[in-house]
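Work through the exercises below with the sequence and the model in view. Try each task before reading its solution.

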Amino acid sequence: MSLMSEVGQKAFNLGVPLAVHMDVTYRCNERCVHCYLDHDDHGEMTTAEIKGALDQLAEAGVFFLTLSGGEPFMRRDFFEIVEHARRQLFNVKVKTNAVMIGAAEAQKLRALSIDSIQISVYSHRPAVHDAITKLPHSFERTIKAVQFLRDQGLRVSIANVLMTPNLADHYGVQKLAAELGVNYTLDPTITPMMDGDTSILALRVPGEELEEVFRNPALVPNQEEFCAPPKPPSDEDLEGYSCSAGHSFCYISPYGDVFPCVQFPLPTGNVRRQKFLDIWNLSPQLKEVRSIQAKDLTVCSSCSHVSSCSRCPGLAYMEGSMRGPSTADCEKSFYRTGVPTANMLRQGLSKPRTTAPLVQIQPVAVSA
Amino acid sequence: MSETYIVRSSAIAARLLAGEMMVMNSADSTFFTLNEVATAIWQAADGRTPLREIVREQVCEQFDIDPEQAQADAEQFVADLSKHGILLVSDNPMSAESAR
């Protein structure tokens with residue numbers, strides 16, 4: 001076990017919030033076709049409120065801080081926020097579309113010693129990228145920013161969200177990342193919009209195509225292990241928990257709402273009204289999330305994939321129950337291994353459903 | 001006898017987890033956890049207090065360690081962390097602001 005994994009396990013066991021993802025705004029200069037956010041400002045936290053929240057997170061033991069949005073650079077005070085976070089000695093990662101980052105901004109980020117920066121790139125073809133972001137010349141601006149940041153010696157990674165409009169382009173984006181000398185990550189997850197509109201789920205990569213992605217050695221290097229049939233679960237597996245959501249990780253929205261994860265819209269409290277540590281330690285919702293072991297899962301506890309599935313409790317929650325299956329992950333497990341899941345078998349399906357009726361819960365907006 | 005002064009680099013991220021300090025250097029992602037004694041030295045590394053004084057007050061008095069051994073261990077610890085750019089070392093006092 002690496003030192004980092006040991007520390008992660010220690011924080012998990014102690015219930016310390018080691019990592020937090022904070023969206024500082026939902027406003028954005030792009031209008032990506034797959035985005036689930038409502039980009040209007042319904043009363044974002046002020047600079048002082050965000051700084052106060054960061055002070056509380058530092059006191060609570062948070063080490064890894066991801067700042068994102070929306071587009072975080074839409075906030076005029078974003079550098080002030082990063083500066084404050086660094087003064088509090090967080091390991092800061094920024095997620096952005098980077099179109100507002102020029103040479104000067106890249107230099108400033110370097111001077112602030114952020115850990116890394118993740119940038120969304122949808123295609124190596126400018127027309128395809130710009131059609132997804134709906135911002136003309138966004139590809140050109142984003143790639144220039146990648147170069148500025150790389151030239152500053154910052155660790156840059158390109159995040160490639162895969163969906164139907166750019167399905168064929170992951171090779172091209174991966175090659176582009178290699179040419180630019182930056183990392184590449186692929187994500188096929190599309191979630192419903194915050195207003196409950198599920199139409200964007202039609203953009204999800206069809207299951208059959210996922211199989212091709214998972215069995216591609218250029219994208220998944222450890223093929224044999226990754227695509228191996230699941231091993232029978234041990235007692236230890238059944239005592240295990242889904243992921244770090246609510247255990248050593250949480251998400252804070254621009255309105256101060258605290259959730260177990262970015263993809264787990266269960267409101268647990270608000271840092272404008274409560275102390276962060278009170279929410280973390282006392283929220284009944286977080287306690288419930290933390291209590292769920294694999295053996296408690298209604299369908300998945302009897303599934304052969306239970307020990308290796310990427311089952312997301314947040315997506316399961318959006319599907320109706322945080323103890324239930326997440327169809328998107330059933331689909332991934334099936335196409336990864338070829339072995340049907342318990343969720344498929346109980347429905348008499350030989351192939352997984354391609355979409356499930358997910359409901360994205362609107363976060364509780366609080367006026368500033 | 002010349003003094004040694006140590007100051008934490010401003011390029012690092014750090015947080016206490018159950019009595020042990022996690023330290024990460026953003027420049028190369030080197031990651032350390034410091035034990036209680038090392039954490040005490042780390043926390044006292046303000047650039048103004050001589051290392052000998054830190055060892056005497058933060059280590060010997062609080063952890064019941066032989067002073068000579070403590071000084072040798074502290075010097076080794078400081079050398080290791082300075083190699084990774086996590087602690088800066090000088091014969092003269094330094095300010096935290098200059099710790100790049």
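**Exercise 1. The sheet of chain A**

In which sense do strand 2 (residues 64-68) and strand 3 (residues 91-96) of chain A pair, and over how many bridges?

Solution. The model is a predicted one. Start with the two strands: they run in the parallel sense and are joined over 4 bridges. One residue pair can then be picked out, since L67(A) has V94(A), in strand 3 of chain A, as its bridge partner.

Next, place this pair in the whole sheet. The sheet is open, has 9 strands with mixed pairing, and follows the order 6-5-4-3-2-1-7-8-9 in chain A. At its edges lie strand 6 (183-187) and strand 9 (269-270) of chain A, each of which pairs on one side only. Finally, add a helix: helix 7 (residues 170-180) of chain A packs on the sheet and touches strand 5 (156-161) and strand 6 of chain A. The direction of helix 7 makes about 155° with that of strand 6.

**Exercise 2. One loop residue**

Is Y241(A) buried, exposed or partly exposed?

Solution. First locate Y241(A): it sits in the loop between helix 10 (235-239) and strand 7 (249-252) of chain A. Then count the neighbours. A residue is buried at 20 or more other C-beta atoms within 10 Å and exposed at 12 or fewer. Y241(A) has 17, so it is partly exposed.

Last, list what Y241(A) meets. Beyond four places in sequence, it touches H247(A), I292(A) and Q293(A). A294(A) is 53 residues away from Y241(A) in sequence, yet their C-alpha atoms are 5.9 Å apart.

**Exercise 3. The overall form of chain A**

Which radius of gyration does chain A have, and does it agree or disagree with that of a compact globule?

Solution. For 368 residues, a compact globule would have a value near 21 Å; chain A has 20 Å, so the two agree. The C-alpha atoms fill a box of roughly 55 × 50 × 40 Å along the principal axes. Of the 368 residues, 44% are buried.

Confidence comes next. The average pLDDT of chain A is 90, and 95% of the residues score at least 70. Over residues 361-368 of chain A, pLDDT stays under 50.

**Exercise 4. The contact between the chains**

How many residues of chain B are in contact with chain A?

Solution. The count is 12 residues of chain B, which meet 15 residues of chain A. Strand 2 (12-17), strand 3 (20-25) and strand 4 (31-34) of chain B each supply at least two residues of the touching side. Strand 2 of chain B gives the largest share, 4 residues. By type, the side of chain B that touches chain A has 8 nonpolar, 3 polar and 1 charged.

Note on methods. Residues numbered from 1 in each chain as written. Chains lettered and ligands numbered in written order. Predicted model: local features only at pLDDT ≥ 70, side-chain atom pairs only at ≥ 80, totals over all residues. Pairing = 2+ DSSP bridges. Contact = placed C-beta atoms within 7 Å. Axes fitted to C-alpha atoms, helices over the stretch in contact; angles between N-to-C directions. pLDDT = per-residue confidence, 0-100. Nonpolar A, V, L, I, M, F, W, Y, C, P; charged D, E, K, R; others polar. Rg over C-alpha atoms; globule rule 2.2 N^0.38 Å.
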